[in-house]
Amino acid sequence: MKIKLLSTLIICLLPPIIASAYDGRHGWFIQKAPQQLILCNGEGLSRAESMLLESLSGLCGQAVNEDSFDEMVWIEIDNSSYREILRSSQENLNITKTTRMDVWDLLEHLKKKKDHRRLYTL
């Protein structure tokens, strides 16, 4: 009986608790806009290089959200829709400074930046 009552209370109280944490964007995280964008080709990489690139990209996004970095990584792929999203994002977010790097140049770039800013890499 106690377990049934407790289960019922949890089921009834859980939706309002979850709803209070809802940010109004259908559950999607909120990403702040960077001031600069690093374009990095994501095609033709080994599995390890792809994982490194994706990790560095995510860490840059997290650092931008925490106001400790101003650059984000855009992983380029050969897809016209994806290129249109990039163009539209740059235009709408007013990102005028972009740099092209390969994954290893990106790693070196972020290592140098780490000395000057708090960045969660390496």
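## The loop before β2

Aspartate 67 sits in the loop that lies between α2 and β2. In this predicted model, the phi angle of aspartate 67 is near 60°, a positive value in a residue other than glycine. Most residues other than glycine have a negative phi. Aspartate 67 counts as exposed because its relative accessibility is 60%, and the threshold for that class is over 50%.

A second positive phi value occurs at asparagine 94, where the angle is near 55°, again in a residue other than glycine. Asparagine 94 belongs to the loop between α3 and β3, the latter spanning residues 97–101. With a relative accessible area of 61%, asparagine 94 is exposed.

## Overall arrangement

The protein chain contains 4 helices and 3 strands. Read from the N terminus, the elements follow the order α-β-α-β-α-β-α. The chain has 122 residues, of which 27% count as buried.

## Pairing of the strands

Strand β1, made of residues 36–41, is joined to β2 by 6 bridges, and the two strands run parallel. The path from β1 to β2 passes through helix α2 (residues 47–65), and this β-α-β crossover is right-handed. Two positions illustrate the pairing with β2: glutamine 36 stands opposite glutamate 71, and isoleucine 38 stands opposite valine 73.

Strand β1 also pairs with β3, in the parallel sense and over 5 bridges. Here isoleucine 38 faces threonine 99 of β3. Isoleucine 38 thus has an opposite residue in β2, valine 73, and another in β3, threonine 99.

## Burial of β1 and β2

Which residues of β2 are buried on one side of the strand, and which on the other? On one side are Glu71, Val73 and Ile75, and on the other are Met72, Trp74 and Glu76; all of these are buried, and both faces of β2 are covered. Expressed as a count, 6 of the 6 residues in β2 (residues 71–76) are buried, and the strand is described as mostly covered. Strand β1 is mostly covered as well, with 5 of its 6 residues buried.

Glutamate 76 is one of the residues of strand β2. It counts as buried because its relative accessibility is 18%, and the class requires a value under 20%. The C-alpha atom of glutamate 76 is 5.8 Å from that of cysteine 40, although the two residues are 36 positions apart along the chain.

## An aromatic pair

How many aromatic pairs does the structure hold? There is 1 such pair. It is formed by tryptophan 74 and tyrosine 82, with 4.9 Å from centre to centre and 35° between the planes, and it is tilted. The pair is classed as tilted because stacked rings have planes under 30 degrees apart and edge-to-face rings have planes over 60 degrees apart.

The two partners fall into separate accessibility classes. Tryptophan 74 has a relative accessibility of 16% and therefore counts as buried. Tyrosine 82, at a relative accessible area of 26%, is partly exposed.

## The largest pocket

The largest pocket encloses about 480 Å³ of space. It is lined by 21 residues, and those closest to its centre are Phe29, Gln31, Met72, Val73 and Trp74. Trp74 therefore takes part in the lining of the pocket as well as counting as buried at 16% relative accessibility.

Three elements, α2, β2 and α3 (80–92), each contribute at least two residues to the lining of the largest pocket. Sorted by class, this lining comprises 13 nonpolar, 5 polar and 3 charged residues.

## A contact of helix α4

Leucine 110 lies in helix α4, which covers residues 103–114. Is leucine 110 buried or exposed? Its relative accessibility is 0%, so leucine 110 counts as buried. Between leucine 110 and leucine 56, the C-alpha to C-alpha distance is 8.5 Å, while the two residues are 54 residues apart in sequence.

Notes
Residues are numbered from 1 along each chain as its sequence is written. This is a predicted model: local features need pLDDT of at least 70, side-chain atom pairs count only at pLDDT 80 or more; totals for chains, interfaces and linings use all residues. Side-chain values use heavy atoms; hydrogens and water are left out. Rings of Phe, Tyr and Trp (its six-membered ring) pair if their centres lie within 6.5 Å; planes under 30 degrees apart count as stacked, over 60 as edge-to-face and the rest as tilted. Buried means under 20% relative accessible area, exposed over 50%, partly exposed in between (1.4 Å probe, protein chains only). Two strands pair if DSSP finds at least two bridges between them. A crossover is right-handed if, with the strands pointing away from the viewer, the path from the first strand over the helix to the second runs clockwise. On a 1 Å grid over the protein atoms alone, a cavity is a set of points where a 1.4 Å probe fits but cannot get out, and a pocket is an open set with protein on both sides within 12 Å along at least five of seven lines; lining residues have an atom within 4 Å of a point. Grid points are joined across faces, edges and corners, and a volume is the space filled by probe spheres set on the points. Ala, Val, Leu, Ile, Met, Phe, Trp, Tyr, Cys and Pro count as nonpolar, Asp, Glu, Lys and Arg as charged, and the others, Gly among them, as polar.
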